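Biologist: I'd like a close look at one part of this model rather than a grand tour. Could you pick a spot and talk me through how it ties in with what surrounds it?

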Amino acid sequence: MSESKIRVIVAGFRGSMGTASCQTILNDDRFELTGVFDPHAALTDGNDTHLPSQVVVATTEDELPEADVWLDFTTPTVVENNVEVALQHGLVPLVGTSGLTTAQIKSLQALAASAHLGGLIVPNFGLSAVLLTQFAKQAAKYFPNAEIIEMHHADKRDAPSGTAVATAHAIAAGRQQQPDSDHTESSVDGVRGGIVDNVPIHAVRLPGYLAHEQVLFGGTGEALTIRQDTYDRESFMVGVKLALSKVTTLTELKVGLEQVLD
Ligand SMILES: NC(=O)C1=CN([C@@H]2O[C@H](COP(=O)(O)OP(=O)(O)OC[C@H]3O[C@@H](n4cnc5c(N)ncnc54)[C@H](OP(=O)(O)O)[C@@H]3O)[C@@H](O)[C@H]2O)C=CC1
Ligand SMILES: O=C(O)C1=N[C@H](C(=O)O)C[C@H](O)C1
């Protein structure tokens with residue numbers, strides 16, 4: 001007996017991650033791409049999607065086809081509204097878009113609970129980044145003084161990266177004492193980075209880079225550096241497939257790929 005396919009709508013389908021996700025879904029028998037969503041698609045070139053003709057190109061929520069999962073790779077300004085729309089349509093959200101604040105996540109979790117739906121918000125679908133965050137949390141127990149350098153391609157629209165924010169949260173959760181106070185007198189604005197959970201984050205945007213993160217811990221007479229490098233968006237697709245295959249089994253809206261890792 002064959003199991004039914006997991007039907008997916010991809011929001012942000014013309015972006016870097018949306019394009020890669022559509023191809024990944026189309027190439028995997030476990031999934032069916034029933035639709036894609038972008039309100040701007042009709043304004044320009046709604047017909048140049050290179051998608052099979054049966055995939056519905058929706059520019060309004062009224063045009064959304066039947067589906068099980070809403071995969072979101074859009075922008076920090078629209079993602080909260082998109083997830084609300086998904087939940088209102090009974091779709092399980094799988095969110096790769098960065099930039100959701102803690103308050104927004106809590107509000108979406110409440111909305112998901114009232115709709116009796118689960119889902120997953122994933123700061124990073126790459127295994128190396130997931131492991132880095134876990135290792136950083138462990139290290140913070142012994143090394144509360146830490147700084148993050150995140151390095152991304154020059155087309156990235158947002159800063160700091162969602163992964164860096166999640167890593168800062170993990171460091172804060174792992175700390176058993178607060179870091180030393182910073183007494184620097186900066187002569188240039190922003191030179192000490194942006195502070196999240198008492199962790200300075202330095203965001204680098206350069207051509208040639210894709211996605212990289214380094215966490216520097218300093219202790220008494222010693223230092224520890226943890227680093228991960230993403231060289232190819234295919235690495236994210238491993239996590240996307242894993243999450244798509246399991247997200248409909250979740251009973252709450254959770255955060256982190258580790259929620260579906262064995
Ligand atoms: N979790 C993870 O592992 C990863 C997460 N990301 C995150 O995913 C997000 C997307 O990244 P990336 O693909 O590189 O970005 P892109 O800028 O390439 O793509 C974003 C797309 O979203 C579209 N869009 C804008 N508004 C809406 C809307 N309301 N509904 C649907 N689509 C919309 C944009 O269209 P238009 O140009 O017409 O506005 C654009 O095509 C970012 O937040 C990024 O940080 C990226 C890589 C991995
Ligand atoms: O925009 C990207 O490229 C990435 N965004 C995510 C983030 O903001 O952390 C994940 C990864 O870093 C790639």
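Modeller: Let's start at the domain contact: nine residues of domain 1 touch seven residues of domain 2. On the domain 1 side of that contact, the count is three nonpolar, five polar and one charged. Keep in mind that this is a predicted model. The assignment splits the chain into domain 1, made of 6-121 + 233-260, and domain 2, which covers 127-230. Their C-alpha centres are 28 Å apart.

Now for ligand 1. Both domain 1 and domain 2 supply residues to its shell, so ligand 1 sits between them. There are 29 residues around ligand 1, and the ones that come nearest are Gly 12, Gly 15, Met 17, His 40 and Gly 96. Helix 1 (residues 16-26) makes the largest contribution to that shell, with three residues. Sorted by class, the shell of ligand 1 holds eleven nonpolar, 14 polar and four charged residues.

Ligand 2 has its own set of residues around it: Ser 98, Pro 123, Asn 124, His 152, Lys 156, Ser 161, Gly 162, Thr 163 and Ala 211. That shell breaks down as two nonpolar, six polar and one charged.

Next, the sheet. It's an open one with seven strands in the order 3-2-1-4-5-6-12, paired in parallel. Strand 3 (56-58) and strand 12 (253-255) are the edges, each with pairing on one side only. From one strand to the next, the twist averages 25°. As a reminder, strands in a sheet pair through backbone hydrogen bonds, and they can do that parallel or antiparallel.

Strand 4 is a nice place to zoom in. Strand 4 pairs with strand 1 over four parallel bridges, and Ala 11 has Asp 72 of strand 4 as its bridge partner. Strand 4 also pairs with strand 5, again in the parallel sense and over four bridges, with Val 69 standing opposite Val 92 of strand 5. Which way do the side chains of strand 4 point? Val 69 and Leu 71 go one way, Trp 70 and Asp 72 go the other, and all of them are buried. Alternation like that is what a regular strand does, with side chains switching between the two faces of the sheet.

Moving along, strand 5 (residues 92-95) is joined to strand 6 (residues 119-121) by two bridges, and they run parallel. Leu 94 has Leu 120 of strand 6 as its bridge partner. Helix 6 (residues 234-246) packs on this sheet, touching strand 1, strand 2, strand 4, strand 5 and strand 6, and its direction makes about 130° with that of strand 1. Helix 3 (residues 102-114) lies across strand 6 and strand 12, at about 150° to strand 12.

One last residue, this time from helix 4 (residues 127-140): Lys 137. Is Lys 137 buried, exposed or partly exposed? Lys 137 has 17 C-beta neighbours inside 10 Å, so it counts as partly exposed. Leaving aside residues up to four places away in sequence, Lys 137 touches Ala 170, Ile 171, Ala 173 and Gly 174. If you want a ruler for a longer span, Lys 137 and Leu 244 are 107 residues apart in sequence and 26 Å apart in space, C-alpha to C-alpha.

Conventions
Residues are numbered from 1 along each chain as its sequence is written. Chains are lettered from A and ligands numbered from 1 in the order in which they are written. This is a predicted model: local features need pLDDT of at least 70, side-chain atom pairs count only at pLDDT 80 or more; totals for chains, interfaces and linings use all residues. A residue is buried if 20 or more other C-beta atoms lie within 10 Å of its own, exposed if 12 or fewer, and partly exposed in between; C-beta atoms are placed from the backbone. Two residues are in contact if their C-beta atoms, placed from the backbone, lie within 7 Å. A residue is near a molecule or strand if its C-beta atom, placed from the backbone, lies within 6 Å of it. Ala, Val, Leu, Ile, Met, Phe, Trp, Tyr, Cys and Pro count as nonpolar, Asp, Glu, Lys and Arg as charged, and the others, Gly among them, as polar. Domain bounds come from an automatic or database domain assignment. Two strands pair if DSSP finds at least two bridges between them. Axes are lines fitted to C-alpha atoms, for helices over the stretch in contact, and angles run from 0 to 180 degrees between N-to-C directions.
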